Amino acid sequence: MGVFFDEPTYPVIDKAPHFWKTVGNFNWKDWATFAGTAAACYPFGWVVGVAPKVPKQSALMGATIGALGGFMLAHQQSAGRLMGFFPNDKEVETGLASKR
């Protein structure tokens, strides 16, 4: 775990959430970020690969990179909500705070 210079401004649910707890806390916006970046990077990869005549391979690589980037963004948002750095009203209402 890293060093935090800011104090959480929202209720802390878990100071150091593990990977599966963070993924289990994904909401629809996180899944949309994950899928949306992968979907947006696929055509970009296709366009980039047209000139060297490898559009399919380039599109798949673009989608892979987009999916990884989208997953990292979604994971960061979910972990931030659990650690109290982002608004976490839904998590507090559903009782995740009591399941530390």
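Which element gives the most to the lining of the largest pocket? Helix α2 does, with 4 residues. This report on a predicted model starts at that pocket and works outward.

**The largest pocket**

The volume of the largest pocket is about 210 Å³. Three elements each give two or more residues to its lining: α2, α3 (55-83) and α4 (89-93). The lining residues are N27, W28, K29, D30, T33, Q77, R81, F86, P87, D89, K90 and E91. Keep D30, R81 and E91 in mind, since these lining residues return in the next section.

**Salt bridges**

How many salt bridges does the structure hold? There are 3. The table gives each pair with its N to O distance.

| Pair | Closest N and O atoms |
|---|---|
| K21 and D14 | 3.3 Å |
| R81 and D30 | 2.6 Å |
| R81 and E91 | 2.8 Å |

Take R81 and D30 first. Their side chains meet in a salt bridge at 2.6 Å, N to O. This pair links distant parts of the chain: R81 sits in helix α3 and D30 in helix α2, 51 residues apart. Is R81 buried or exposed? R81 counts as buried because its relative accessibility is 7%, and buried means under 20%. D30 is buried too, with a relative accessible area of 4%.

R81 has a second partner. It forms a salt bridge with E91, with the closest N and O atoms 2.8 Å apart. R81 lies in helix α3 and E91 in helix α4, so this pair ties together parts that are 10 residues apart in sequence. Both R81 and E91 are buried. Through shared partners, the salt bridges join D30, R81 and E91 into one network. D30, R81 and E91 are also among the residues that line the largest pocket.

The remaining pair in the table is K21 with D14, at 3.3 Å between the closest N and O atoms. K21 counts as buried because its relative accessibility is 18%, and the cut-off for buried is under 20%.

**The nonpolar surface patch**

Now to the surface. Which residues form a nonpolar patch there? They are Y42, W46, V47, V50 and L60. Together they have about 480 Å² of accessible area. Helix α2 (residues 28-50) gives the largest share of the patch, 4 residues. Helix α2 also gives the most to the lining of the largest pocket.

V47 is one of the patch residues and is found in helix α2. At 60% relative accessibility, V47 counts as exposed, because exposed means over 50%.

Y42 also belongs to the patch and lies in helix α2. Y42 is partly exposed, with a relative accessible area of 35%. What does Y42 touch, not counting residues up to four places away in sequence? Its contacts are A59, L60 and A63. L60 is itself a patch residue. Y42 and S58 are 16 residues apart in sequence, and their C-alpha atoms are 8.3 Å apart in space.

**Three more residues to look at**

K53 is found in the loop between α2 and α3. Its phi is positive, about 65°, although K53 is not a glycine. Most residues other than glycine have a negative phi. K53 is exposed, with a relative accessible area of 71%.

M72 lies in helix α3. Is M72 buried or exposed? M72 counts as exposed, at 56% relative accessibility. M72 and T33 are 39 residues apart in sequence and 9.5 Å apart in space, C-alpha to C-alpha. T33 is one of the residues lining the largest pocket.

F4 is placed in the segment before α1 (19-24). F4 counts as partly exposed, at 42% relative accessibility. Leaving aside neighbours within four places in sequence, F4 is in contact with M83 and F85. How far apart in space are F4 and M61? They are 34 Å apart, C-alpha to C-alpha, and 57 residues apart in sequence.

**In short**

Helix α2 gives 4 residues to the lining of the largest pocket and 4 residues to the nonpolar patch. D30, R81 and E91 are joined by salt bridges into one network.

Notes. Residues are numbered from 1 along each chain as its sequence is written. This is a predicted model: local features need pLDDT of at least 70, side-chain atom pairs count only at pLDDT 80 or more; totals for chains, interfaces and linings use all residues. Side-chain values use heavy atoms; hydrogens and water are left out. Patches are made of residues with over 30% relative accessible area and no salt bridge: like charges are joined within 9 Å, nonpolar side chains (Val, Leu, Ile, Met, Phe, Trp, Tyr) within 5 Å. Accessible areas come from the Shrake-Rupley method with a 1.4 Å probe; for residues, only the protein chains shown count as cover. A salt bridge is a side-chain nitrogen of Lys or Arg within 4 Å of a carboxyl oxygen of Asp or Glu. Buried means under 20% relative accessible area, exposed over 50%, partly exposed in between (1.4 Å probe, protein chains only). Contact means heavy atoms within 4.5 Å. On a 1 Å grid over the protein atoms alone, a cavity is a set of points where a 1.4 Å probe fits but cannot get out, and a pocket is an open set with protein on both sides within 12 Å along at least five of seven lines; lining residues have an atom within 4 Å of a point. Grid points are joined across faces, edges and corners, and a volume is the space filled by probe spheres set on the points.
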